[in-house]
Amino acid sequence: MSENDAGGTVSARNTSREEKCFTLSVKISEVTDMELGNSLFHARKSCGLSQEEVAEKLGVSRQTISKWESGETLPDIRQSKKMSLLYKVSLDDLIAFDVDVQEIQQIIERTSEEVEEKIDWTRAWGKKYPILLRYQKEVNTSNYAVRLGGMIDELKREYGYNELDALLVLKDILAAVWRERKNLSKNLAKHVDK
């Protein structure tokens with residue numbers, strides 16, 4: 001049996017399959033623990049709570065919160081559930097907490113209809129996607145508007161949706177079709193490269 005090197009990994013020399021699997025599972029576990037710790041840190045920060053405040057509410061020490069957030073140790077399932085309630089996220093969301101997605105969701109929830117109506121979404125998104133600022137000069141939009149309007153009307157008739165819900169459903173269908181076409185293009189490109 002081989003000895004561990006200074007980094008705590010098993011040497012490749014004469015290692016058995018079990019040792020390799022163990023080493024791999026330890027490395028995966030370390031990454032997962034670090035990711036969970038990072039998720040806990042960002043979830044706490046997004047709620048504006050200090051480690052001391054969380055520790056007090058959970059009945060543990062501040063050092064325990066620090067160890068959880070650094071990935072040094074892991075909270076048990078009961079403490080994880082308490083944190084998910086405290087941070088107002090599901091347990092699944094807490095485990096895979098994404099700061100950017102959480103911030104966007106919070107902004108959407110806080111945005112009133114009045115503010116939404118004031119935002120020129122085409123111009124806002126046009127900064128990232130310039131085609132949105134110029135397509136009106138290039139595309140016969142009335143032709144597409146008539147067909148898309150027919151699809152909205154069809155959704156309203158067949159499913160009883162109101163105007164906004166029918167629009168949102170159609171938008172979601174378009175996004176799903178786009179993702180599917182994008183994935184198909186990627187797969188075709190991979191096969192061509194081979």
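Buried means under 20% relative accessible area, exposed means over 50%, and partly exposed lies in between (1.4 Å probe, protein chains only). With 47% relative accessible area, Lys171 is therefore partly exposed.

This is a predicted model, where local features need pLDDT of at least 70, side-chain atom pairs count only at pLDDT 80 or more, and totals for chains, interfaces and linings use all residues. Residues are numbered from 1 along each chain as its sequence is written, and side-chain values use heavy atoms, leaving out hydrogens and water.

Let's turn to the salt bridges. Taking a side-chain nitrogen of Lys or Arg within 4 Å of a carboxyl oxygen of Asp or Glu as the criterion, the count comes to five. Among them are these pairs:

| Acid (relative accessibility) | Base (relative accessibility) | N to O distance |
|---|---|---|
| Glu69 (11%) | Arg44 (4%) | 2.5 Å |
| Glu163 (45%) | Lys156 (28%) | 2.5 Å |
| Asp172 (46%) | Lys171 (47%) | 3.8 Å |

Glu69 counts as buried, and so does Arg44. Their salt bridge links distant parts of the chain, with Glu69 in helix H3 (residues 62–70) and Arg44 in helix H1 (residues 17–46), 25 residues apart. Helices here are DSSP runs (H or I, at least four residues), numbered from the N terminus.

Now for a helix pair. Helix H2 (residues 51–58) packs against helix H4 (residues 77–86) at an angle of about 120°, their axes 11 Å apart; the axes are lines fitted to C-alpha atoms over the stretch in contact, and angles run from 0 to 180 degrees between N-to-C directions. Val54, Lys57 and Leu58 of H2 make the contact with Gln79, Lys82, Met83 and Leu86 of H4, contact being heavy atoms within 4.5 Å.

Definitions and conventions. Helices (H or I, at least four residues) and strands (E, at least two) are DSSP runs, numbered from the N terminus.
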